[in-house]
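Colleague: Could you walk me through this one? I have a few questions ready.

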Amino acid sequence: MSCYYCEKPATGMEHVPPQSFFIKGQRDGLISVPSCDVHNQQKSKDDEYVRAVLLSSAKLDGKEQLAPLFEVHLRALNRAGEQIPGRLKSEEDFQKFLEIAEKFKDDHAAGMKSFSELAQAGIGTGLLGLLSVDYRDEVIFDNDGNEQQTISYAFDTKRFNNFFKSMAKGLFFHESDWAWLGKVVLLPHSFLREEASEDEKFISKHYSSQLVRDDAKGEHKDVFYYDVGTELDSSGKEILRYVVNFCLYDTFEFTALLESKYFVASPEPR
Ligand SMILES: [Zn+2]
């Protein structure tokens with residue numbers, strides 16, 4: 001078996017999406033693909049990061065079916081918090097730490113803000129400082145129209161997008177038995193930049209409307225569903241591109257476009 005990503009000999013299997021994205025006890029029927037050491041390890045470092053970005057989003061507020069995942073997420077935050085004292089290398093770090101703790105003691109988003117400020121002060125907080133490099137306060141409205149205080153923050157977009165590009169390759173492999181060695185164009189519909197052009201918005205809408213929950217594949221649709229389709233040229237004979245659509249937590253929608261012109265044929269059949 002060869003790796004879904006690079007076609008080197010596979011050394012194990014990896015879940016797409018990662019197992020940790022699903023609720024414990026609801027992990028039957030998950031998709032897995034063969035993977036080499038490099039592409040297994042590289043990705044597992046990103047799994048927790050991306051899961052934390054998604055689960056920190058205010059867009060998931062009120063999704064009770066995800067409660068067990070929020071618990072896991074909060075435990076990860078707390079663990080990161082508990083590790084911080086061990087990372088304070090000097091008296092100066094310690095003072096900064098106390099100052100930040102005091103500043104946010106009554107804040108609704110104290111955890112994330114503290115991680116952010118610690119990271120900015122050069123105090124390593126591991127994963128979660130990265131998560132929250134540049135935050136700002138925001139007010140959103142919940143389903144009942146009540147104001148909710150929240151924060152939004154910039155995150156490592158490249159790392160985030162690469163994670164989902166790998167995921168699209170994994171889904172493509174699962175459906176076709178081909179490793180996609182070419183380029184992947186990712187449309188992260190739920191994270192479209194505000195300054196996106198009209199064209200970008202139109203394309204995003206076009207593809208995001210193609211994914212229909214009821215028709216999509218996936219054993220646990222509260223967490224994940226997807227479909228893989230093709231777009232043909234005007235003669236209806238040639239495949240122009242493969243379209244991998246997926247949705248996480250019933251909220252975050254993505255499309256990955258695999259253009260036929262970037263298709264790289266396997267050197268040998270599987
Ligand atoms: Zn590989």
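Colleague: Which residue just after H4 takes a positive phi?

Modeller: Happy to help! This is a predicted model, where local features need pLDDT of at least 70, side-chain atom pairs count only at pLDDT 80 or more, and totals for chains, interfaces and linings use all residues. Residues are numbered from 1 along each chain as its sequence is written. Helices (H or I, at least four residues) and strands (E, at least two) are DSSP runs, numbered from the N terminus. H4 covers residues 110-120, and the positive phi, about 85°, belongs to Gly122.

Colleague: Which strands stand at the edges of the open sheet of four strands?

Modeller: Strands pair if DSSP finds at least two bridges between them. The order is S5-S8-S7-S6, with antiparallel pairing. Two strands have a single partner strand each, so one side of each is left without a neighbour in the sheet: S5 (185-188) and S6 (224-232).

Colleague: What is the bridge partner of Leu187 in S8?

Modeller: S8 spans residues 252-259 and runs antiparallel to S5, with four bridges joining them. In S8, Leu187 is partnered by Thr255.

Colleague: Which element gives the largest share of the largest nonpolar core?

Modeller: A nonpolar core is a set of buried Ala, Val, Leu, Ile, Met, Phe, Trp, Tyr and Cys residues joined through C-beta atoms within 7 Å; buried requires 20 or more other C-beta atoms within 10 Å of a residue's own, with C-beta atoms placed from the backbone. This core has 38 residues, and Phe246 is among those touching the most other members. S2, H1, H6, S6, S7 and S8 each supply at least two residues. The largest share, seven residues, comes from H6.

Key:
A residue is buried if 20 or more other C-beta atoms lie within 10 Å of its own, exposed if 12 or fewer, and partly exposed in between; C-beta atoms are placed from the backbone.
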